[in-house]
Amino acid sequence: MNSIELGDLTADFAHLIRRVEQSGARVEVTEGGAPRGVLLPSAELAELEHFGQRVRGGPRPWSGTIRPTPAGPQRQGPYVRYPHSDAVRMTFARDHLVVAELRSVEELAWLEEKARTGRQGSMGPKQAAAFEEFLARRRPTGDGIAWIAGSWREQEPFTVLEFLEGPTPEAVALGYGADAQDVADGLLLHQVRERSDREGGEDFLDVLAFGEADGWTWLGHHDFGGALSPVLDPPASQRITLTATMAKGLYQFDYARDGVHQNPFPLEPAEDGRHDMYELIWYTPGRTPFAPDAPLGFLNPHIRRAEEQTDHTDGMSLFFAGLERAFGLSLPREALVSGQVRCARPARARG
């Protein structure tokens, strides 16, 4: 990919835009030698936008700089340059037809990632089925999470299981309001249990257990009166939450990517504000849990593969086994059972 300085582009763009229009090649735009944006043919950008719009994701990156009044159009030969208000993007037209666009490096990277995911949905039925089967054949590493489904349904050892991708276990624990000294001391779950056995009480219920497995930070805790107040900066790139409320028979699955909740149902554009968790009691083995066009539809082949390849028979364990395959989730079975996992009390509850 060729490169040009931003000042040179704005001073004399006609020759460059002609070359982009004729060759279809991208041009990197720099400012002071640092990447500023990418100039690309409008047809290529239209393709990226087409496939990218199929994928729900975080907000489109914004430069943070706004021109109160963008400069007016500038003509050179047959081409006209239209600057945008964000002080980065530019549109180039010829004979009232858009031929090239300048987008920021961050926006284009975001859009290309969305388009890569969106293109999967445009495969023919046979190709899409083969690709989904390939993904679903990936087996979980470590202990997986299906082993804990039965006891979790009875709220043992935790009411809430969470998996976060990105931040470290220590950062998550502190962000959730855990006591910093407990985190620094490396407090273990069995130590809290043994203290409760000696002194009575149920202190072991009021702790946040945490650790790392296969690239995910995992958390286990009970819902104890808002003592935990999750604040993560930056937020996790992916977040999976499983919540058991045995007394009400509520067992919920919630998944967010790039800070955006992934709804279990197909949504019309006007209904994007809805936020529905998936109730695990809705899942019936042998039936597709999600509509293909739902944001969670990508989980279907993974859950079906779990039904075919595991010995689990109850719906909860099978659903967990599907999550293992979809995300590579795992919990350290022996360490959790023996209490050899880290934990911390809520900061305000320590005493």
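Tutor: A helix here is a DSSP run of H or I with at least four residues, and helices are numbered from the N terminus. The model is predicted.

Student: How many residues apart are Arg304 and Glu307 in helix α10?
Tutor: Both residues lie in α10, which covers residues 300-309. About one helical turn separates them. In sequence, Arg304 and Glu307 are apart by 3 residues.

Student: Which residues join into one network through salt bridges that share partners?
Tutor: Such a network needs salt bridges with partners in common. Its members are Glu49, Glu101, Arg103 and Glu107.

Student: How far apart are the closest N and O atoms of Arg304 and Glu307?
Tutor: A salt bridge needs a Lys or Arg side-chain nitrogen within 4 Å of a carboxyl oxygen of Asp or Glu. Arg304 and Glu307 form one. Their closest N and O atoms are separated by 2.8 Å.

Student: Is Glu307 buried or exposed?
Tutor: Buried means under 20% relative accessible area. Glu307 has 19%. Arg304, at 30%, counts as partly exposed. Glu307 is therefore buried.

Student: Which residues of α10 are buried?
Tutor: Of the 10 residues of α10, 7 are buried, so the helix is largely enclosed by the rest of the structure. The buried ones are Asn300, Pro301, His302, Ile303, Arg305, Ala306 and Glu307.

Student: How many residues apart in sequence are the parts that Glu112 and Arg26 tie together?
Tutor: The two form a salt bridge, with closest N and O atoms 2.6 Å apart. Glu112 lies in helix α4 (residues 105-120), while Arg26 is in the loop between α2 (14-23) and β2 (27-31), so the pair ties together parts whose separation in sequence is 86 residues.

Student: What is the relative accessible area of Arg26?
Tutor: Its partner Glu112 is partly exposed at 22%. Arg26 is partly exposed too. Its relative accessible area is 22%.

Student: Where does Arg103 lie, given its salt bridge with Glu49?
Tutor: Glu49 and Arg103 form a salt bridge, the closest N and O atoms being 3.3 Å apart. Glu49 sits in helix α3 (residues 42-52), and the pair ties together parts 54 residues apart in sequence, because Arg103 lies in strand β7 (residues 97-104).

Student: Is Arg103 buried or exposed?
Tutor: Glu49 is partly exposed, at 24%. Arg103 has a relative accessible area of 9%. With the limit for burial at under 20%, Arg103 is buried.

Student: Which edge strands pair on one side only?
Tutor: The sheet is open, has 7 strands with mixed pairing, and runs in the order β1-β2-β3-β7-β6-β5-β4. The strands at its edges are β1 and β4 (74-76).

Student: In which sense do β2 and strand β3 pair?
Tutor: Strand β1 (residues 2-5) and β2 pair in the parallel sense over 4 bridges, for contrast. In β3 (residues 34-41), Gly37 is the bridge partner of Val29. Over 5 bridges, β2 and β3 pair in the sense called antiparallel.

Student: Which residue takes a positive phi in the hairpin of β2 and β3?
Tutor: The hairpin has 2 residues between the strands. A phi near 65° is taken there by Gly32.

Student: Which residue in β3 is the bridge partner of Val27?
Tutor: Val27 in β2 stands opposite Asn2. In β3, its bridge partner is Leu39.

Student: What angle does the direction of α2 make with that of β3?
Tutor: α2 packs on the sheet, touching β1, β2, β3, β4, β5 (79-83), β6 (90-94) and β7. Its direction makes an angle with that of β3 of about 55°.

Student: Which helix gives the largest share of the largest nonpolar core?
Tutor: This core has 44 residues; Phe163, Phe253, Leu280 and Phe320 touch the most other members. The largest share is 8 residues, and they come from helix α11 (residues 315-327).

Student: Which residues does Leu280 touch, not counting those up to four places away in sequence?
Tutor: A contact means heavy atoms within 4.5 Å. Beyond four places in sequence, Leu280 touches Trp152, Leu242, Tyr251, Phe253, Met316, Phe319 and Phe320.

Student: How many residues are in the other core, apart from the largest?
Tutor: Its members include Val20, Leu39, Phe92 and Leu102. The count for this core is 17 residues.

Conventions. Residues numbered from 1 in each chain as written. Predicted model: local features only at pLDDT ≥ 70, side-chain atom pairs only at ≥ 80, totals over all residues. Heavy atoms only, no water. Buried < 20%, exposed > 50% of the residue type's maximum accessible area, 1.4 Å probe, protein only. Core = buried A, V, L, I, M, F, W, Y, C linked by side-chain atoms within 4.5 Å. Pairing = 2+ DSSP bridges. Axes fitted to C-alpha atoms, helices over the stretch in contact; angles between N-to-C directions.
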